[in-house]
Amino acid sequence: MLKQDFNRQEPKRRNVADARKHQPADAAFKDSTYPHRLNFYTHAPTADITLEQFEQWAIDRLRVLSELEACSFRNKSLAETAAHMKPVLEKYLPLSSNSSASPKLFEQRQKDHYSHFILRLAFSSTEDLRRRFSRVETMLFRLRLDTDAERAGFVAGLDIDWFEPVSEAEKSEMAADLLAITGFDKRTGAVEDSWFKVDWMRVPELVESRKVFLRAGKAFVPSREQASMIVTEFTSRLEKQLVLTSQALPDLDEDDRLLPILDHLSKNFVTPDSSYMSGSTVPEGAEISARNIDNLAQHFPACMSHLHRSLRRDSHLKHYGRLQYSLFLKGIGLNLEESLAFWRGGFAKITDDQFNKEYRYNVRHVYGDVGGDSNRRSGGYSPYSCQKILTEHAPGPGEAHGCPYRHFDMDNLSTLLQGMGVTDRAVVQGVKEDRDGRRYHMACNRVFEHLHKPEIKRAKDESIMTAAQLETIVHPNEYFKRSYLLKNLSKPRDADVKMED
Ligand code: SF4
């Protein structure tokens, strides 16, 4: 794609796109060198990157943050979260240690640095977005800190004025007291070698649980307890920076390249838009034909299941329902001919003539068979993601499109779920809580996991699908594909089906 660096624009654009103009007065205008794997994101990046990198790096980070947030919604423990996130991080935001001597060290750290700041811009506009961003960024930082073999070097380089290292002389003088707190280091038989001292008021919970040694108003904190102090500092700085960023946002008002990207990113925080991230393909071995849709409907998410039931019940769907459903069917692999056959059969109460006059054109348009040049060239429209369904065109009376987790009342939703085979009261209660917390796609994933529980276990146990392939679903077509594959694990020809990353 065309490389558009920030400084190669017409004058009006150049002014707003030059990252240096948005820096605080004390920003370091030099290329970052990234001596450590971890980053406190103290200085905004100032080098040029392309618009494509700007967008893709942010999307990749968003994928990681959304998956982390999903782990917390599912109440996963720290260890479970770490195990779940490992392949996701490796795929979207890998960070190698210095000792790995990876040739991609700089590239990885630069992406991490930039993507953090881009999302800062995208998520600083409202208090709700700031709170959520700071929460998930803190989770990411903690996860990385906990597993960082080179943490000591990073921590030593931090410019944190409220804690200072304990000198060797102090350590030997207080060895007995310090040992009483930590015991011997099992490996070396010595006192733990890394201690900090801080004003005791900074760590009341450590004082209360007697995990620190106290002297003259100072708490002596052993290395194992330092992570929470560092994480606290990370969060508090980030929260302040986010407020400052929100105040600087009006400066971006005229930037007609960055603003749409930032706007899209912040919308994706409701639920990530996977049409951006992965395509959907026909699962191998699936018969995708008009006559088989009733059978395939068992793999549909609630939104499409409801559309299918409504079509079968009323022999009709209104405009947005037809659009949402026909795009989904196109996405699962139903070709134009089969689609026309399906819709003709579905609208059973009207004549061929009426169907040809009123509906045929629209189906062909969806496939890019008619319409303007650009529609034909692009092959028609793409299937809607959850994000689009959740946020655009809320259904009115008599309309069946939308997302049932968002647009149904709880009674209707429970009835639909029952029809899909969800009778477990705990699951329905969980769906209700997700819905009340406006975590609609989490409710959908909860139902998916319930309906495919034994298959997911088997896919994991037998390594048929990796954790990354079982990431949170954010697209109805992904729901279908994954459901189909999971339910067909035992068929010999599908046994070795691997989903693409
Ligand atoms: Fe459909 Fe997405 Fe809603 Fe699930 S969350 S019902 S896939 S729109």
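## A tour of two helix contacts and a ligand site

Start by selecting helix α13 (residues 302–314) together with helix α15 (residues 336–346): in this predicted model, the two pack at an angle of about 50°, and their axes are 9 Å apart. Angles between 35 and 65 degrees fall outside the parallel and perpendicular classes, so α13 and α15 count as oblique to each other.

Now show the side chains at this contact. On α13, pick His308, Leu311 and Arg312; on α15, pick Phe342, Trp343 and Gly346. Coloured by class, the residues of this contact come out as three nonpolar, two polar and one charged.

Next, move to the ligand. Which residues are around the ligand? Select Pro301, Cys303, Cys386, Ile389, Cys403, Tyr405, His441, Cys444 and Pro476 to display them. By class, this shell holds eight nonpolar residues and one polar residue, with no charged ones. Add α19 (386–391) and α23 (440–451) to the view, as each of these helices supplies at least two residues of the shell. If you have a cavity display switched on, look for the largest cavity: that is the space the ligand takes.

For the last stop, select helix α3 (residues 78–92) and helix α5 (residues 127–146). Their axes come within 11 Å and cross at roughly 95°, which means that α3 is roughly perpendicular to α5. To see the contact, show Leu78, Ala82, Met85 and Leu89 on α3, then Leu140, Leu143, Arg144 and Asp146 on α5. Here the contact residues divide into six nonpolar and two charged, with no polar ones.

Definitions and conventions
Residues are numbered from 1 along each chain as its sequence is written. This is a predicted model: local features need pLDDT of at least 70, side-chain atom pairs count only at pLDDT 80 or more; totals for chains, interfaces and linings use all residues. Side-chain values use heavy atoms; hydrogens and water are left out. Axes are lines fitted to C-alpha atoms, for helices over the stretch in contact, and angles run from 0 to 180 degrees between N-to-C directions. Helices (H or I, at least four residues) and strands (E, at least two) are DSSP runs, numbered from the N terminus. Angles under 35 degrees count as roughly parallel, over 145 as roughly antiparallel, 65 to 115 as roughly perpendicular and the rest as oblique. Contact means heavy atoms within 4.5 Å. Ala, Val, Leu, Ile, Met, Phe, Trp, Tyr, Cys and Pro count as nonpolar, Asp, Glu, Lys and Arg as charged, and the others, Gly among them, as polar. A residue is near a molecule or strand if one of its heavy atoms lies within 4 Å of it. On a 1 Å grid over the protein atoms alone, a cavity is a set of points where a 1.4 Å probe fits but cannot get out, and a pocket is an open set with protein on both sides within 12 Å along at least five of seven lines; lining residues have an atom within 4 Å of a point. A molecule sits in a cavity or pocket if more than half of its atoms lie within 2 Å of its grid points.
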